[in-house]
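Work through the exercises below with the sequence and the model side by side. Try each task before reading its solution.

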Amino acid sequence: MDLTKEQINALISCCEKLGCSYSQQEPLEKHTTFRAGGPAELFVRVQNGATCAELLHLARQLEVPVHILGKGSNLLVSDQGVEGLVLHMESKQNEFQRKGNEIIAWAGENLSALCMYALEQKLSGLEFAYGIPASVGGALYM
């Protein structure tokens, strides 16, 4: 399914309103650790949950397929590319917040950075995850 001009225009308009950077036909090989993959029909960089939620809501209304991308580790993308919308969860530069014995982190944050933050906060349980080249959201999903 190729996106219609109306779908693309609606998504781009939303991106501009929200201040997201986007590109059409973005080579996904730039965003995977295997350095393989064809273009994303529409590639959008998101940095917070509210923006992500608004784009997901619009995509659902427009019946646009959505794919979520973190750090792209352990991900093989077809050379044919990806149809629809690819939301790239970008890092907010390791912004973490501790609440009691829990840490709040954005899905796009680096997993190893989260592990280091937990260590600095004298919290245990994430030691196994240090060194895994993943985002927080991707690690939770896997």
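**Exercise 1. Locate Asn74 and state whether it is buried or exposed.**
Step 1: Asn74 sits in the loop between β3 and β4. Strands are DSSP runs of E with at least two residues, helices are runs of H or I with at least four, and both are numbered from the N terminus.
Step 2: Asn74 has 69% relative accessibility, so it counts as exposed. The cut-offs are under 20% relative accessible area for buried, over 50% for exposed, and partly exposed in between (1.4 Å probe, protein chains only).
Step 3: Check the backbone. Asn74 is not a glycine, yet its phi is positive, about 60°.

The model is predicted: local features need pLDDT of at least 70, side-chain atom pairs count only at pLDDT 80 or more, and totals for chains, interfaces and linings use all residues. Numbering starts from 1 along each chain as its sequence is written, and side-chain values use heavy atoms, with hydrogens and water left out.

**Exercise 2. Describe Glu63 by phi, place and exposure.**
Step 1: Glu63, a residue other than glycine, has a positive phi near 60°.
Step 2: Glu63 lies in the loop between α2 and β3 (66–69).
Step 3: Its relative accessible area is 64%, so Glu63 is exposed.

**Exercise 3. Test the length of helix α1 and find its buried side.**
Step 1: Helix α1 covers residues 5–18, which is 14 residues. The expected span is 1.5 Å times one less than the number of residues.
Step 2: That predicts 20 Å for α1, and the end C-alpha atoms are 20 Å apart, so the two agree.
Step 3: Gln7, Ile8, Leu11, Ile12, Cys14 and Cys15 of α1 are buried. They cover an arc of only 160° around the axis, so they lie on the same side of α1. The arc is taken from the directions from the helix axis to the C-beta atoms.
Step 4: The face turned away from that buried side carries the exposed residues Lys5, Glu6, Glu16 and Lys17.
Step 5: Cover for the buried residues of α1 includes β1 (21–27), β2 (39–46), α2 (49–62) and β4 (82–89). Contact here means heavy atoms within 4.5 Å.
Step 6: Gly19 follows α1, with a positive phi near 80°.

**Exercise 4. Where is Glu109, and which residues does it touch?**
Step 1: Glu109 is in the loop between β6 (102–105) and α3.
Step 2: Its relative accessibility is 0%, so Glu109 counts as buried.
Step 3: Not counting residues up to four places away in sequence, Glu109 touches Ser91, Lys92, Gln93, Asn94, Glu95, Phe96, Ala134, Ser135 and Val136.
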